[in-house]
Every structure is written in structure tokens, then in C-alpha cells.
Amino acid sequence: MKALTQGRYLGRDGEAALFDVGLGATLAVRILEGDIGRVTLKPRDGYRLDRGWSIAPGELEPPYEGRPRDSLEGFACPQASLVESDGKVVLSTAGLSAEVTLSPFGIAWFRAGEDKPFLQDRTTQAYLMSPRTGALAHYMARDYTERHYGLGDKAGPLDRTGRRFAIDAVDPCGFDAELSDPLYKMLPFFIVDGPVGAHGVFYDNLSTGSVDFGCTLDNYHGLFRSWKGDDGDLDYYVMAGPTVPDVVKRFSWLTGGQAFAPLWSYGFGVTSMAIADAPDADARISDFIAKLETHRIPCDSFHFGSGYTQIGHRRYAFNWNRDKFPDPKATMTRLNEAGIFTVANLKPCLLDDHPRLQEALDGDFLVRDGDTGKPAVAQFWDGLGFHLDYTNPKGRAWWRNGIETALLDYGFTVVWNDNNEYEIWDEDALCDGDGRPFRQALARPAQALLMTKLSHETQAARAPGKRQYAITRGGCAGISRYAQTWSGDNETAWKTLRYNLTQGLNMSLSGMFSIGHDVGGFHGPTPGPELFVRFNEFCALWPRMVMNSWNDDGVVNLPWMYPEMVPQVRAALALRYRLMPYLYTQMWRASRDGIPAVRPLLYDFPQDATAVKTDDAFMLGPDVLVAPVLEEGATQRSVYLPAHPGGWYDGHDGRHFAGGKLATVAAPLGRLPLFLRAGALIPLGDATGIGAEREVLACGLVEGATGELYEDDGETADWRGDGTPTIRFRVRNGELAIETGSSGGGSVDRIGIRVIEEGGLL
């Protein structure tokens, strides 16, 4: 690569400042909002990829063909002043300014009223590009005390400082949650938090690359962090913060927010490859339904593994194995009558002997080898195959028809977009691009995003007026507009609990608010009784709770796999359903306001130095601190409770603890330690997930304390309207008052009141 060290100011382009930085490239600096800046580098011959799919400010949905890279639609683009002096150009608005130094070229970003930059390029060779390969690099100065978060579903500790990560996606079945890299998603967004507050940086680049948070040290450059792209364009957004919540909210807004899923999707769900793979799969599903009733296990969804599509040992999208499922509609009816919604696993690759492959070949809507014109070959499950091209309108129409006729017509409710990392390593692979072809390497994860968008829209057309919910494993920034996701095919190990926790928290800080983990571990040895119970506890209070497995010995993770542990599993589920009104309300706020339901302690307690460093517990909303047991053999749990006026209450027995100290509580199997913030007003439901009665748990009567409950029919698409059914609570004159929101809705009559001194949650 060649360093771009000298800049020349060219003038204004609207509210942007333009600079010649050499090699025929032009760099534009813009301020899009009072707290969002943007830097875009355009090579001499134009952008490598002139469009993207991640940017969707204020839910301004990009079309399938992508949002033009130069588009400013959806942004306020406030009037900016510009001052030139002493080799610098300063672009300023009311809230944000960019100070551009021409030699050596670099940019420093300032918030209004602050004299220190919150983000500054390093002074030595901050920008590099390769005209030959298309590679790019951006280097920023780093303070030794700064902490780094984000990047989506990466492994390891919460604070990513000192590590380097690949921006890439593979299918790492049974991954090590501490060390494996890359995983499933490509998301070059990170948050930096330190002495001058927090800020965020997002690179709108869908090529492979890397992000380095101080793993690399070089004596010639001082401390730095960097982003590198193997190809594509340098086009990055700066979110000024100044707090972590500010950055998270703004990034969610920038990329279109989080879809608010129907109520049932937050209930407990089960899937297993072994059930759908079995020759008597239909009978096993009937047995599953019967055992739910026998063991009194609530279950809202059954997720069909891809075994329903098998011919022999291979899997074929849109095919039904009629030996295992003689009457698919009858199977769905049995599940529906048991109150269980159905989810279909669907993979985007057609194996080389797929029964309908010729249709795809004749239609010419597979990702092609640009050199030969034939479909690009990829290694997939059980053999070689060819990937559908979702940037081809003919391919989308064919796929949509398949969803409708092979899945929705048989009674499936939701599509689970799986194995969509698009591991096509053919360097000449070419996408149709809706008539404007581009190389696959420039936008691999866009295929997963468009696959998920298509399934979401197809479902919505089948059920107008109802909220939709899709699932995806792969993708990039923007998938949350349509889907729920999860940490992937985790390893059955104690270490997984520890690092799935921080993996999930970083996903949440990266705008993926509807997340969870495979209960029990997906791949590896069958979990023992203790690990199995702790997995259920650990997963009980994440937005997604689905039991999924593909164990080495073929044993299926099911709630009753250890009869002696059924009461403990039932207790974890009872806690989830007891807190469901609170969880549902928090997910409504996540979609409405960009506030993640699950977040690290640093999100709510940034001034508490110990809380900032705590990464073995998490907050569910502002009021519930969850401290899962993460170590084998442990029968108690110690956790730091952040400093808070009034302290905390044990969620099980109501015992009071002071804030700012370590608390130790008993943690026998089946008891997930959790603590409730003093002053919180927490809406509760029936532990069985059935009853309509509601209760407000007052964690001490703190004058002026408030709370709310969002409760609709569980599926309305009009969840943002003026008629949203919210019920608000307030402590006034030493008493808890319950009132309907200004928008009406909700029944006050069926809400009971309990003060925590009378006991805990259960």
C-alpha cells in the first residue's frame, strides 16, 4: 500500500470539505448530524463498490439494489462553517467539528465546547491505499487507558483492547468462545471509551479485513489502533457520543434499528438436528409435544433443523422428506394445537445434485464465476454446491416462491436463515447486482442480509398487519432491521458460559439487541447434568432462549434429558416467564429507542470504576442485574453490585445489599442469582407463561420512582402508533400508583402490587 500523507484543500461540495490526498484520490469530510461525521475516500476511477446495504438512517430502508454510496438521504446535513489557517481546515457545526491537518494529512474530531479531540488520526501515515489491489488502511492514535468494545459476535473478553480481529465470516461449528476468530458476522463497528468519553466508528465496507486494538506495536508510530480492508472503499462514520449509550443508540439509528419481534419469539424454544435428522422424525416430534405436557415445560416454538429436507444424508432447500414427514401440514397442526409456533431452517446453497438445480441454472441466478460464466463452486454441507444470488431479481423471485410454496403453505411461521456466511473463495465470483454486477468479495455479508430481508418480507406479505420475525446466523450491520440472531454453534464447555456472556454483550453493544445462545451448547460432548442446568440458567434472561444441539454422541439436548434435573430446568424457565412482561417491555424500548435490553454494567454505571471492569454479569434493562454461575462445582456466587442509592435486593428472597460492594449469595442448581435495583418497579407475569394476570414488584417504595409495562396483543404491526398500550407506575406519597399511559390501552384492574419486603420474584 501507499501512504496518503499530503492533502490539498479543493473546496466545498455542499456542506462537505474536499481534499486531494494523492494518487488521484479525493477525500470528503462531512458532518451529517450534530453527533455524526463521515469520511469518504473516492479513488481516481471511482468507488470500488458504489453502493451499500447497511446504512438506513431513521429506518430509511435501502432497496435490494443497495443505497448509493454518495446518498445523503435521511441525514439532516446541518449547515457547516469552514475556516482555513496555518495548514489546517476546520469544518464545524453546532455540535461537532473536524480539524483537518494537510501535512501530514490527518483528521481530529471535537465535540462542541471541548478542547481535546475525542478521536484523532495518528500523525504518521494515517491513511494508506493500494491502487493495485484495492487494499486500504486507517490508523488512529490510541490512549493507553482507552477500552474497546463492539465488532459484533467476536470471541473473548468484553474489553477487546490488545487484540486483533479478522473481519471475515466462516462456519466455525463448536467454536472456542474465548479464542476462535473469525466467527459468523462481518461488522467493523467499535466503541472506544476513555478519558475524553466514548465515541464509535463504523466502516461501511463489506470486504474482508481486520481491526487491531493495540495488538500491533510499532516504535515509529506511537500507540495506535487500525482498520484494514482487503478491498472495497474507505467510507467511515464517526459517532461522537460522549457516552457508550449515546454511541449504541446512534449506531442502531444509523443502521435501521432493531425489529420488534412478536411476543411468542421471546418464549422458550427447542430445536435439534437429531430430531429432524431421525428416520422417525415425525414420531419424535409427537413424543416431544407429549413430554412437554408430562414434564410441565412451557414452550413457544419448535425450530426444524434441516433434516426435514434430506434425501439420503444430504440436504436440499425446499425439499420435504416424505418418509420422515408423510404429512407436513398435519405435523404443523399438531404443534400449533399445542401452542407452538414453527420455524424452518433454510440454507442458501444448492448442492450439485439438487432436484431443482436445473431451474436455477436455466434462470441464471446463482453467484457466478466471472471468468467462466458458470456458477461459482463452494464447499458446503456434504459436498459441493452453488449459492443463490440475492442481488439478482430473478433469484429473489424464485427463492420467495420456494418460501411460500415449500414452507409457508405447509404451516411454517418463520424462516431461520442458516449457514449463510457465503464461503465462496473463488476470487472471480460475481454477483448480478440488480443488473450492475460486482465482485462477490466486495460484499459477501450483503447476501445474508438480503436473504434475511427477503424472508421477512415474504412472511409479512402472507400475514399483513402482524409483526414479523426472522432469524439469521450470518450478515453485517443492518440485519437487526429484520431479524433475531445468536452467538452460533457454541461448544459444550464450561468456558463457553463465561465467554458467550461477553460475546453476547458485545453483540448487544453492536446494535444486535435480539440475541441469545444455544442452550446446553450446540456441539461437543453431551453436557453433564450440572453444566446443562447452568446453561439453562445462563440463557434464561437473554432475549432469545432456544435449546439446540448436535452432540458428538447423538444425544439430544432436551429439557428432560436428565430426569433428576427437570425441576431445576423448570425453575429457570419459570423465572423467564415470570419476568416476561419486563423483558418484553425492554425489547419494545430497544426497538423504539435504541436501548439494548441486555448490556454490560458499564452501560448503566459508567462512573463506577469496578462496574466498568465487571464482565461476569450483565444488566437486563435498568433494574435487573443477572449474575449467572459460570464455574463448575460452584454452589454460591459472588458479584460486584454497583454503587446505587438504596442498594440492591436479592431477586429470590428479598434480602437487601448495599451498593458499591461485593455480594455473595447461595446458588444451588436451579437458582440463577439476580439482584433488583432499589426503587425499581418491575412488571411480572405468570411463571407458567399462561396467565393474563400482572403484578408490579416494588423494590422498596422510593418517592418519585417510575416504571412502565408495554403490553399489546403480541403481534400487532402498529407497535409504534399513538395507541400503544403502555401502563405506567409511580411512587407518590409513599404509595404505588398504577395508571394507564396517555395513549390508553392495558387493563389496570388485573395488576396486583407487591413490595419486595414481602419476598422476592418467585
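This is a short dialogue on reading the pockets and one surface patch of a predicted model.

Biologist: Let's begin with the pockets. What volume does the largest pocket have?

Modeller: The largest pocket has a volume of about 780 Å³. It is lined by 34 residues. Closest to its centre are Asp300, Tyr577, Thr688, Gly689 and Ile690.

Biologist: Which elements give two or more residues to that lining?

Modeller: Look for helix H10 (566–578), helix H11 (580–593) and strand E52 (706–710). H10 gives the most, with 4 residues.

Biologist: How does the lining of the largest pocket divide by class?

Modeller: Count 17 nonpolar, 7 polar and 10 charged residues.

Biologist: Now the second largest pocket. Which residues are the closest to its centre?

Modeller: Find Glu59, Ala259, His456, Arg481 and Trp719. They belong to a lining of 18 residues. The volume of the second largest pocket is about 400 Å³.

Biologist: And how many residues of each class line the second largest pocket?

Modeller: There are 6 nonpolar, 5 polar and 7 charged residues in that lining.

Biologist: Let's turn to the surface. Which residues make the nonpolar patch?

Modeller: Tyr144, Leu217 and Leu223 make a nonpolar surface patch of about 370 Å².

Biologist: Where is Tyr144 found?

Modeller: In a loop. Strand E14 (136–141) comes on one side of that loop and strand E15 (147–150) on the other.

Biologist: Is Tyr144 buried or exposed, and why?

Modeller: A residue counts as exposed when its relative accessible area is over 50%. Tyr144 has 68% relative accessibility, so Tyr144 counts as exposed.

Note on methods. Residues numbered from 1 in each chain as written. Predicted model: local features only at pLDDT ≥ 70, side-chain atom pairs only at ≥ 80, totals over all residues. Heavy atoms only, no water. Patch = residues over 30% accessible without salt bridge, like charges linked within 9 Å, V, L, I, M, F, W, Y side chains within 5 Å. Areas by Shrake-Rupley, 256 points an atom, 1.4 Å probe, with all protein chains shown as cover. Salt bridge = Lys/Arg side-chain N within 4 Å of Asp/Glu carboxyl O. Buried < 20%, exposed > 50% of the residue type's maximum accessible area, 1.4 Å probe, protein only. 1 Å grid on protein atoms, 1.4 Å probe; cavity = no way out; pocket = protein on both sides within 12 Å on 5 of 7 lines; lining within 4 Å. Points joined across faces, edges and corners; volume = space filled by probe spheres on them. Nonpolar A, V, L, I, M, F, W, Y, C, P; charged D, E, K, R; others polar.
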